[in-house]
Amino acid sequence: MSIETDIEDDTIEQANPCTGIDLMIVPKEHDLGGFTVRRALPSAKRRMVGPWIFFDHMGPAVFEPGQGVDVRPHPHINLATVTYLFEGEMLHRDSLGNELTITPGAINLMVAGKGIVHSERQREEIKAANNVLDGLQLWLALPEADEETDPAFHHYGREQIPSVDVDGVPVRVLIGSAYGVQSPVRTFAQTLYVEAALKAGQRLTLPDGADERALYVVQGRLKAMDSVIDQHSMAVLHKGHTVTVDAMEDTQLALIGGEALGQRHIWWNFVSSRKERIEQAKTNWKNGAFPKVPGDEVEFIPLPER
């Protein structure tokens with residue numbers, strides 16, 4: 001099933017909860033067989049936040065021996081994926097020949113451009129014992145001028161991501177610029193992705209330089225003015241408002257944002273400014289015209305029937 005046809009059932013929205021917050025999105029949980037995913041974007045009332053068009057919180061999932069994540073090879077076009085783990089590890093393989101394990105705190109940026117195929121699995125030695133996986137899977141729409149760029153893969157280790165102390169709150173600037181520091185992660189448009197960990201009672205003023213912003217509570221509970229942002233909820237922030245949050249308990253948050261890129265179409269794993277480009281990608285995948293993933297050539301995810 002495509003994201004387009006499933007979008008109405010994926011979220012519950014509550015409009016205008018307080019000044020500074022435009023929309024609260026409470027993703028529904030989807031059990032994928034011992035593996036829970038919460039999809040905040042796209043939602044029925046908010047398709048994108050800046051260039052971000054897809055936001056999944058995967059887990060926390062606890063796997064018994066012999067179990068784990070095995071996402072078979074599948075294609076993408078006209079977007080870039082960002083994988084970030086809080087706990088556990090995943091094995092990335094793609095049609096460019098890259099094979100790399102991502103671990104907590106690192107960033108995997110895969111630029112699909114004119115087309116790429118990848119798989120996301122766990123190594124057999126990891127699946128041999130009890131293991132945990134918790135992280136975010138995000139997609140960035142590319143500016144129209146970059147949609148058909150050559151595919152690429154960039155890995156940034158945990159030690160490459162800048163950290164800063166903001167009034168006692170540890171903050172990591174994963175993508176973009178905030179609090180006086182700049183991330184080395186490649187961007188195609190103005191993009192913001194920040195992570196922070198607040199102890200109960202701490203306060204943090206969020207960076208407000210981005211055109212559009214949204215705040216997701218990974219763990220814990222926040223208060224913003226007269227609104228409470230519960231765990232696993234996303235608050236879309238009002239443009240131009242300075243927002244300060246107070247931690248009602250120990251809280252981990254993710255802030256995303258950036259410049260608006262205009263309308264994008266999304267169907268299954270394909271994102272584009274042009275509907276006809278998505279139709280072409282559907283035909284190409286069905287006909288086997290995408291490249292194979294070295295080391296993972298046998299299995300693949302078929303094109304959805306609708």
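Modeller: In this predicted model, two residues are in contact when heavy atoms of each lie within 4.5 Å.

Biologist: Leaving aside neighbours within four places in sequence, which residues is Arg-38 in contact with?

Modeller: Arg-38 is found in strand β4, which spans residues 36-41. With neighbours within four places in sequence left aside, the contacts of Arg-38 are Pro-27, Lys-28, Glu-29, Phe-55, Asp-56, His-57, Gly-59, Pro-60, Tyr-216 and His-232.

Biologist: Is Arg-38 buried or exposed?

Modeller: A residue counts as buried under 20% relative accessible area. Arg-38 has a relative accessibility of 7%, so this residue is classed as buried.

Biologist: Which side chain makes a polar contact with the side chain of Arg-38?

Modeller: A polar atom of the Arg-38 side chain lies 2.6 Å from the backbone oxygen of Gly-59, but that partner atom belongs to the backbone. The side-chain partner, in a polar contact of 3.2 Å, is His-232.

Biologist: Which strands stand at the edges of the open sheet, and why is one side of each left without a neighbour?

Modeller: The sheet has seven strands in the order β3-β4-β5-β12-β7-β10-β13, with antiparallel pairing. Each edge strand has a single partner strand, so one side lacks a neighbour in the sheet; these strands are β3 (29-31) and β13 (152-156).

Biologist: What does the twist average from one strand to the next?

Modeller: The twist is taken along the open sheet of seven strands. From one strand to the next, its average is 20 degrees.

Biologist: Which residue in β10 stands opposite Val-82?

Modeller: Strands β7 (residues 79-87) and β10 (residues 107-111) pair in the antiparallel sense over four bridges. Opposite Val-82, the residue in β10 is Leu-109.

Terms used. Residues are numbered from 1 along each chain as its sequence is written. This is a predicted model: local features need pLDDT of at least 70, side-chain atom pairs count only at pLDDT 80 or more; totals for chains, interfaces and linings use all residues. Side-chain values use heavy atoms; hydrogens and water are left out. Helices (H or I, at least four residues) and strands (E, at least two) are DSSP runs, numbered from the N terminus. Buried means under 20% relative accessible area, exposed over 50%, partly exposed in between (1.4 Å probe, protein chains only). A polar contact is a pair of N or O atoms within 3.5 Å; within protein, one must be able to donate a hydrogen and the other to accept it, and residues adjacent in sequence count only if both atoms are side-chain atoms. Two strands pair if DSSP finds at least two bridges between them. Axes are lines fitted to C-alpha atoms, for helices over the stretch in contact, and angles run from 0 to 180 degrees between N-to-C directions.
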